[in-house]
Amino acid sequence: MTGTFPMNVDSKARITFPSSLRKDFDKRMKLVPFQGCVYGFTPEGFESWVEGLFEYGDHHFDPRDRNDDRLRRALNANAVEVELDSANRIALGKIDVAKPGRREALGLVGEVMVIGNGDHFEVWNADKWRIEQESLEDDLEALLFRS
C-alpha cells in the first residue's frame, strides 16, 4: 500500500477509506492506536504483525514468558475490528472503546491523512503528519543521494 490521502473525520468519527487502498482489504480491518497514529491491518496482517514483533535474533514468542504474554495481550486488547460500511467509511470512534478519549488525544478530528505504508495503512492528524514529513526531508535526501 502506498499513497497519501487527505480526509476529514465526520461528526460520527468516520472517514471514507481511500478507494485505491480498498483492493487490499475485504470489509474487515483491525485498527491499532500506535506511535501517535492509528495503524490499520487486514485481520491476517495484524496477526502476522503481532507475531513478527516477537521475532528477533533467536527469540520467538514464548507463551510461558510473562513479559511476552503481557505485551501480546496489550497489543490485542488495544486493537479493534471494524468493517467498512456501505459508503466505504471506517468508524475511527471505535478505538475509544478500550480507552475513552483516545481518538481525540491522537488528534484524529477534523483533517486527517491516510497513509499507505507497505503492509498496512496509518491515520494521522494532518498537522502531525506535516511536521513528521518536514523532519524527514534531510534523512530522505541522505538515503536517496549518498554524498
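1. Salt bridges. This predicted model holds 10 salt bridges, and three of them may be described individually. Arg14 pairs with Asp10, and the closest N and O atoms of the two are 2.9 Å apart. Arg14 counts as buried at 19% relative accessibility, a value to be read against the cut-off for burial, which is under 20%. Its partner Asp10 is partly exposed, with a relative accessible area of 26%.

2. Salt bridges within helices. In helix H3, which covers residues 66–78, Asp69 and Arg73 are four residues apart, so that about one helical turn separates them; the salt bridge between these two residues brings the closest N and O atoms to 2.5 Å. Asp69 is partly exposed, its relative accessible area being 26%. Helix H5, residues 126–144, offers a case with a spacing of three residues, since Arg130 and Asp127 are likewise separated by about one helical turn, and their side chains meet in a salt bridge at 3.1 Å, N to O. Of the H5 partners, Arg130 counts as partly exposed at 35% relative accessibility, and Asp127 counts as partly exposed at 49%. Elsewhere, Arg28, Lys30 and Glu81 are joined into one network by salt bridges that share partners.

3. Overall architecture. The protein chain has five helices and eight strands, and these follow one another along the sequence in the pattern β-β-α-β-β-α-α-β-β-α-β-β-α. The C-alpha trace spans about 50 × 45 × 30 Å along its principal axes. Among contacts between residues at least 6 apart in sequence, 55% join residues that are at least 24 apart.

4. Burial and surface. Of the 147 residues in the protein chain, 39% are buried. The accessible surface of the chain comes to about 8,900 Å², and carbon and sulfur atoms account for 49% of that area.

5. The largest nonpolar core. This core has 24 residues, and those with the most contacts inside it are Ile15, Leu31, Ile90, Phe121 and Val123. The elements that give two or more residues to the core are strands E1 (2–8), E3 (28–34), E5 (80–83), E7 (111–117) and E8 (120–125). For Val123, once the neighbours within four places in sequence are left aside, the residues in contact are Ile15, Cys37, Val38, Leu92, Leu108, Val112, Met113 and Val114. A second core, separate from the largest one, has 16 residues, including Val50, Met113, Ile115 and Trp129. Met113 can therefore be read as a member of the second core that is also in contact with Val123.

6. An aromatic pair across the sequence. The count of aromatic pairs comes to 11. One of these is formed by Phe25 and Phe121, which meet edge-to-face, with 5.5 Å from centre to centre and 70° between the planes. Because Phe25 lies in the loop between helix H1 (19–22) and E3, while Phe121 lies in strand E8, the pair ties together parts that are 96 residues apart in sequence. Phe25 counts as buried at 8% relative accessibility, and Phe121 is buried with a relative accessible area of 0%.

7. A more local aromatic pair, and a cluster. Tyr39 and Trp49 form a pair that is tilted, at 5.9 Å centre to centre and with 55° between the planes. Tyr39 lies in strand E4 (residues 37–41) and Trp49 in helix H2 (residues 43–53), so this pair ties together parts that are 10 residues apart in sequence. Both residues of the pair, Tyr39 and Trp49, are buried. The two also belong to a cluster, in which ring pairs link Phe34, Tyr39, Phe41, Phe46 and Trp49.

8. A nonpolar surface patch. Leu140, Leu143, Leu144 and Phe145 make a nonpolar patch of about 460 Å² on the surface. Among these residues, Leu140 is placed in helix H5, and Leu140 is partly exposed, with a relative accessible area of 42%. Helix H5 is also the element that holds the salt-bridge partners Arg130 and Asp127 discussed above.

Technical notes:
Residues numbered from 1 in each chain as written. Predicted model: local features only at pLDDT ≥ 70, side-chain atom pairs only at ≥ 80, totals over all residues. Heavy atoms only, no water. Core = buried A, V, L, I, M, F, W, Y, C linked by side-chain atoms within 4.5 Å. Buried < 20%, exposed > 50% of the residue type's maximum accessible area, 1.4 Å probe, protein only. Contact = heavy atoms within 4.5 Å. Phe/Tyr/Trp six-rings, centres within 6.5 Å; stacked < 30°, edge-to-face > 60°. Salt bridge = Lys/Arg side-chain N within 4 Å of Asp/Glu carboxyl O. Patch = residues over 30% accessible without salt bridge, like charges linked within 9 Å, V, L, I, M, F, W, Y side chains within 5 Å. Areas by Shrake-Rupley, 256 points an atom, 1.4 Å probe, with all protein chains shown as cover.
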